[in-house]
Amino acid sequence: MYRCDRCSAVVPPRTSCTRVPVETRPRTYPARADANVVWIDGKARTRNDPGGQGEEIVREVKLCPACAATVPR
């Protein structure tokens with residue numbers, strides 16, 4: 001059971017919850033040397049992670065199935 005953050009209704013047990021991001025922020029990830037392990041011909045080899053840019057979720061809300069159906073995708 002949980003309470004929907006939009007309509008404040010208490011949802012019955014075993015009803016799925018949909019989490020919708022409300023606020024995000026830009027994020028830059030640094031490069032990492034030897035971060036990933038790859039198996040080639042039975043030997044472990046390391047690969048570099050190039051890093052990059054993306055977004056992080058700052059805040060998200062829990063919605064009931066009725067409210068989740070009204071959210072544009």
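Helices (H or I, at least four residues) and strands (E, at least two) are DSSP runs, numbered from the N terminus. Keep that in mind as you click around, since the tour goes by strand number.

This is a predicted model, where local features need pLDDT of at least 70, side-chain atom pairs count only at pLDDT 80 or more, and totals for chains, interfaces and linings use all residues. Residues are numbered from 1 along each chain as its sequence is written, and side-chain values use heavy atoms, with hydrogens and water left out.

**Stop 1: the whole chain**

Start with a cartoon view. You should find 1 helix and 6 strands, in the order β-β-β-β-β-β-α along the sequence. The radius of gyration (taken over C-alpha atoms) is 20 Å, well over the 11 Å from the globule rule (2.2 Å times the number of residues to the power 0.38) for 73 residues, so the protein is more spread out than a compact globule. Measured out along the principal axes is the wrong phrase for a model, so put it this way: the C-alpha atoms fill a computed box of roughly 55 × 30 × 20 Å along those axes. Switch on a surface: about 5,900 Å² is exposed, and carbon and sulfur atoms supply 50% of that (Shrake-Rupley method, 1.4 Å probe; for residues, only the protein chains shown count as cover). Buried residues (under 20% relative accessible area; exposed is over 50%, partly exposed in between, with a 1.4 Å probe and protein chains only) make up 14% of the 73 residues. As for contacts (heavy atoms within 4.5 Å), among those between residues at least 6 apart in sequence, 62% join residues at least 24 apart.

**Stop 2: two loops with positive phi**

Most residues other than glycine have a negative phi, and most peptide bonds are trans. With that in mind, select serine 8. Its phi is near 60°, a positive value in a residue other than glycine. Serine 8 sits in the loop between strand 1 (2-3) and strand 2 (10-11), and at 43% relative accessibility it counts as partly exposed.

Now move along to arginine 14, in the loop between strand 2 and strand 3. Phi is positive here too, near 60°. Is arginine 14 buried or exposed? At 86% relative accessibility, it is exposed.

**Stop 3: a salt-bridge network**

Side chains of opposite charge can pair when their charged atoms come close. The structure holds 4 salt bridges (a side-chain nitrogen of Lys or Arg within 4 Å of a carboxyl oxygen of Asp or Glu).

Show the side chains of Arg25, Arg27 and Glu56, which are linked in a network of salt bridges. Arginine 25 pairs with glutamate 56, with the closest N and O atoms 2.9 Å apart. That pair links distant parts of the chain: arginine 25 is in strand 3 (residues 18-29) and glutamate 56 in strand 6 (residues 52-63), 31 residues apart.

Next, put a distance label on arginine 27 and glutamate 56: their closest N and O atoms are 3.3 Å apart. This pair also links distant parts of the chain, from strand 3 to strand 6, with the two positions 29 residues apart in numbering.

How accessible are the members of this network? Arginine 25 is partly exposed at 42% relative accessibility, arginine 27 is partly exposed at 35%, and glutamate 56 is partly exposed at 23%.

**Stop 4: the hairpin of strand 4 and strand 5**

Select residues 32-40 for strand 4 and 43-49 for strand 5. The two run antiparallel and are joined by 6 bridges (strands pair if DSSP finds at least two bridges between them). There are 2 residues between the strands, and aspartate 41 takes a positive phi near 55° in this hairpin.

Which residue in strand 5 is the bridge partner of arginine 32? Pick aspartate 49. The side chains of arginine 32 and aspartate 49 also meet in a salt bridge (2.9 Å, N to O). The pair lies 17 residues apart, linking distant parts of the chain. Arginine 32 counts as partly exposed, at 47% relative accessibility.

**Stop 5: two cysteines**

Finish at cysteine 64 and cysteine 67. How many disulfides does the structure hold? The count is 0 (a disulfide being a pair of cysteine sulfur atoms within 2.5 Å). The sulfur of cysteine 64 is 3.6 Å from the closest cysteine sulfur, in cysteine 67, which is too far for a bond. Turn to cysteine 67 and the picture matches: this residue is in no disulfide, and its nearest cysteine sulfur is that of cysteine 64, 3.6 Å away.

Colour by accessibility before you leave. Cysteine 64 is buried, with a relative accessible area of 8%, and cysteine 67 is buried at 10%.
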